[in-house]
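Please work through the exercises below with the sequence and the model open side by side. Each task is followed by a solution that goes step by step.

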Amino acid sequence: MELKEIGEFGLIDRLRVGCLHGGGVIRGIGDDAAVLEFTPGALVLATCDMLVEGRHFLRQHITPYQLGRKALAVNLSDIAAMGGTPRHVLVSIGLPPDLGVEFVEGIYEGMKGLAAATSVNIVGGDTVAAPVLTLDLTVLGEVESERLVLRCGARPGDLLLVTGELGASAAGLALLLAAKKTAVPEEVARSLLAAHLEPRPRLAEGRFLAGKATAMIDISDGLASEVHHICAESGVGAVVWAERVPIGPATREAARLLGRDPLDWALYGGEDYELLFALPPGRAEEVTLCLTATTGTPVGVIGECRPAEEGIRLCYPSGESVPLSPGGFDHFRAEGGGETALRG
Ligand code: ADP
Ligand code: MG
């Protein structure tokens, strides 16, 4: 059997059997980060993400600084999705021998910039020669046991919410890859490229939601895929209201100029690194007002959890609804192998 027949998530489901042989694992494979208990009450969060040249990024489309910064950002985003605080990072790099020293130093400048901004220490790693540039970061974080947020706590009736806007990163990637540069206004292009190349992990927002959200995940593969993950782990169904999916004016403008569907970018594009979370309906208004007042980040309701037998549906303003396919990105099912997005 070939990997592409079962896909990335099918493979992980097979590998996850028989992995645990000791105590201290609160949550192993299946969430944004592993949750480990070394000392009772204080939980360690551990996550890693690997980025491979040609697969996750093209050297001509990203500066070394942006690459290093983004490699750390996508890992910090997984800690944010657990309600945690990142503390330490290990960095393994595979380097083609002809790569310039300045390029590698640039990657580290980017990582150090974000590490400084988030009070994270780079404490080790590994360096090897490799046929293509490869970056594999492991981040260790922490969270109080009573504030940990998993993917599995959502209940029917809980509202589903997202921070910020969706689809901007996919729009930025589409602009980068557009063969013929379209007449996208400079300021529109700038904000979309920044969304793709310089995502910000929602650490303050995740921390605010710690102990409040019933389930949470970061949006690395696209909203649809993440709703499916929360529903699968929580044992619920969901409805997503199409007109409530937050899409910014720059994303809409780029979609219009490129002849693309902005909702498609928001649902299936991925790499927005916003947070998708569930809140009991009685708490949603108070929590979202307070989150925005504290962090400055807008938050919007995009749907609602339903009993599992109702499935996962996308509902249009007309009242018509269709099953919402998970879509999203799968490393072994991607067409053509030319993917240049940086995904977890
Ligand atoms: P994310 O997008 O949040 O980084 P992934 O979809 O990459 O998460 O991974 C889903 C889950 O599977 C996580 O718990 C991750 O730690 C686990 N996982 C992924 N690859 C492997 C592997 N090769 N061996 C063990 N666990 C894995
Ligand atoms: Mg994640």
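The exercises that follow deal with charged pairs, nonpolar groups and backbone angles. This is a predicted model, in which local features need pLDDT of at least 70 and side-chain atom pairs count only at pLDDT 80 or more, while totals for chains, interfaces and linings use all residues. Residues are numbered from 1 along each chain as its sequence is written, chains are lettered from A and ligands numbered from 1 in the order in which they are written, and side-chain values use heavy atoms, with hydrogens and water left out.

**Exercise 1. Locate Asp31 and describe its surroundings.**

Step 1: Asp31 sits in the loop that runs between strand 1 (25–27) and strand 2 (34–39), where helices (H or I, at least four residues) and strands (E, at least two) are DSSP runs numbered from the N terminus.

Step 2: With a relative accessible area of 11%, Asp31 is buried; buried means under 20% relative accessible area, exposed over 50%, and partly exposed in between, using a 1.4 Å probe and protein chains only.

Step 3: Once neighbours within four places in sequence are set aside, Asp31 is in contact with Met82, Leu150 and Arg151, contact meaning heavy atoms within 4.5 Å.

**Exercise 2. Find the salt bridges of Asp31, and state which parts of the chain the pair with Arg151 ties together.**

Step 1: A salt bridge is a side-chain nitrogen of Lys or Arg within 4 Å of a carboxyl oxygen of Asp or Glu, and the whole structure holds 18 of them.

Step 2: Asp31 forms one with Arg27, with the closest N and O atoms 3.4 Å apart, and both of these residues are buried.

Step 3: Asp31 also forms a salt bridge with Arg151, where the closest N and O atoms are 3.5 Å apart. Because Arg151 lies in the loop between strand 6 (134–144) and strand 7 (159–163), and Asp31 in the loop between strand 1 and strand 2, this pair ties together parts that are 120 residues apart in sequence.

**Exercise 3. Analyse the pair Glu144 and Arg207: are its members buried or partly exposed?**

Step 1: The side chains of Glu144 and Arg207 meet in a salt bridge, at 2.7 Å from N to O.

Step 2: Glu144 belongs to strand 6 and Arg207 to helix 6 (residues 203–209), so the pair ties together parts that are 63 residues apart in sequence.

Step 3: Glu144 counts as partly exposed at 27% relative accessibility, and Arg207 likewise counts as partly exposed, at 21%.

Step 4: Salt bridges that share partners join Arg27, Asp31, Asp32, Arg151 and Glu233 into one network.

**Exercise 4. Identify the residues with most contacts in the largest nonpolar core.**

Step 1: A nonpolar core is a set of buried Ala, Val, Leu, Ile, Met, Phe, Trp, Tyr and Cys residues joined through side-chain atoms within 4.5 Å.

Step 2: The largest such core has 57 residues, of which Leu67, Leu72, Leu135 and Phe277 touch the most other members.

Step 3: A second, separate core of 28 residues includes Val162, Ile219, Ala238 and Ala266.

**Exercise 5. Inspect phi at Glu271 and Tyr273.**

Step 1: Glu271 lies in the loop between helix 9 (262–269) and strand 10 (275–279), and Tyr273 is placed in the loop between helix 9 and strand 10.

Step 2: Phi is positive, near 65 degrees, at Glu271, a residue other than glycine, and Tyr273, which is not a glycine, has a positive phi of about 55 degrees.

Step 3: Glu271 counts as buried at 1% relative accessibility, and Tyr273 counts as buried at 2%.
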